[in-house]
Amino acid sequence: VNIPEFDATLELNLMKGYFAQSYAEKDACASVKNNPTNSNVLRGYGYQNSGGTRIEEVFNIGQYEAVDTKERSCKAEKIAREPNVWPESTPSFDGARFKAVMRRGFDIRMRVSRMIVDALGRIINSEAFPRMFGESEFTSFYLKKYTERNAEDNIGIYAEDSGYTMVAEDGRDLSIPEHIDTTVTLLTTYNNGGLQAVYKGEWHDVPSLLGSILMMSGSLMHELTDGQLPPLRHRVIDIKRDRFSLPFFLNPSFHSDISKTWTSGKETETGRSFKTFGPWQVTQLHRDEPLLLNSTSLF
């Protein structure tokens, strides 16, 4: 809380204004999965349809504004550096202000998250740990809108082999399935409820405070620190009205070594299949970003 320059109310209102636009206006920034006339793959607008209604919408922002002209190791590394796409202004929507505020929101969270990894490096006594996040190409800032849905609406959001279920044990519908993030997450829920987390084996509601940002550590951070950073298992109950949230994911650089821990140097479980972060992240994104990506978008 009390984060300098962070105006949660302004962010929330501009996010609502963007998602209130017509489908045609939003589709101008849609990823190529959703608008084949566009070329952007990862950044921009995406959605999940159910019965003609877009029950879940996202707008993804990264750190780059200019086209990357250098040769890269693969298509995925190039897409990780994909420039942002921004909506135009309309009589009812100020695109320039939206861009300025969301760029500032990205920069605030980037600054805060880098302070966090610097502190974590000191905690685990590793000067090299913060350098793992030097370029952070896949780092993403997701504006999200979840619309009230029924169980039938949730069918087909995630692939059958994803392991996700969209129903809580008490029968309530979920808008986000039970999961653990992968790296470092800064989550802004504004004044929206629904977020739950596991503590001592039980689900608990997480308070929602306008103006606050919640930090969570993920499964890869747990591995790389020899278990010193516990991951947080969480989910979101469908609150039966429109819900807005804004997760920011700070990711290691594409070529960062994830095969060994930063404390003892022992092999990680992830490292048995992937030596560096980028190829591993490609598999995660294809599973977790169905609103923006096809199953082969990054290959």
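Colleague: How many disulfides does a search of the whole structure find?
Modeller: Zero. Keep in mind that this is a predicted model. A disulfide needs a pair of cysteine sulfur atoms within 2.5 Å, and the search of the whole structure finds no such pair.

Colleague: Why is cysteine 29 called buried?
Modeller: Its relative accessible area is 6%. Buried means under 20%, so cysteine 29 qualifies.

Colleague: And what is cysteine 74 called, buried, exposed or partly exposed?
Modeller: Partly exposed. Cysteine 74 has a relative accessible area of 34%. That value falls between the 20% and 50% cut-offs, therefore the label is partly exposed.

Colleague: How do you know that the span of helix α4 agrees with its number of residues?
Modeller: Helix α4 covers residues 95-123, 29 residues in total. At 1.5 Å a residue, α4 should span 42 Å. The end C-alpha atoms are 42 Å apart, so the two values agree.

Colleague: What lies at the start of α4, and what follows the helix?
Modeller: At the start, a side-chain oxygen of aspartate 94 comes to within 3.3 Å of the backbone nitrogen of alanine 96. After α4 comes asparagine 125, with a positive phi near 60°.

Colleague: What is the span of helix α1?
Modeller: Helix α1, residues 8-19, reaches 17 Å from first C-alpha to last. The expected value is 16 Å, and the two are close. At the start of α1, a side-chain oxygen of aspartate 7 reaches to within 3.4 Å of the backbone nitrogen of threonine 9.

Colleague: Which residues of α1 are buried, and what covers them?
Modeller: The buried ones include Leu10, Leu14, Met15 and Tyr18. Their cover includes α2, β1, β2, α4, β3 and β10.

Colleague: Which residues touch the most other members of the largest nonpolar core?
Modeller: Phe59, Phe98, Met102 and Leu143, in a core of 63 residues. Helix α4 gives the largest share of this core, nine residues. Another core, of six residues, lies apart from it and has Ile176 and Met216 among its members. In soluble globular proteins, nonpolar side chains tend to be buried together.

Colleague: What does phenylalanine 98 touch?
Modeller: Its contacts include Leu14, Tyr18, Phe59, Trp86 and Leu143.

Colleague: Why is serine 245 called buried?
Modeller: Serine 245 has a relative accessible area of 3%. The cut-off is under 20%, so serine 245 is buried. Serine 245 sits in strand β10 and touches Met15, Tyr142 and Thr188, among others.

Colleague: What makes arginine 54 and aspartate 27 a salt bridge?
Modeller: The closest N and O atoms are 2.9 Å apart. The limit is 4 Å, so the pair counts. The two partners are 27 residues apart, with arginine 54 in strand β2 and aspartate 27 in helix α2. Arginine 54 is buried at 7% relative accessibility, and aspartate 27 is buried at 17%.

Colleague: Which parts of the chain does the salt bridge of aspartate 173 and lysine 240 link?
Modeller: The N to O distance is 3.0 Å. Aspartate 173 lies in the loop between α5 and β4, and lysine 240 in the loop between β9 and β10, 67 residues apart. Aspartate 173 counts as buried at 13%, whereas lysine 240 is partly exposed at 36%.

Colleague: Why is arginine 272 called exposed?
Modeller: Its relative accessible area is 62%. Exposed means over 50%, so the label fits arginine 272.

How values were computed: Residues numbered from 1 in each chain as written. Predicted model: local features only at pLDDT ≥ 70, side-chain atom pairs only at ≥ 80, totals over all residues. Heavy atoms only, no water. Helix = DSSP H or I, 4+ residues; strand = E, 2+ residues; numbered from the N terminus. Buried < 20%, exposed > 50% of the residue type's maximum accessible area, 1.4 Å probe, protein only. Contact = heavy atoms within 4.5 Å. Expected span 1.5 Å × (residues − 1). Polar contact = N/O pair within 3.5 Å; in protein donor to acceptor, adjacent residues only side chain to side chain. Core = buried A, V, L, I, M, F, W, Y, C linked by side-chain atoms within 4.5 Å. Salt bridge = Lys/Arg side-chain N within 4 Å of Asp/Glu carboxyl O. Lists of a residue's contacts leave out its neighbours within four places in sequence.
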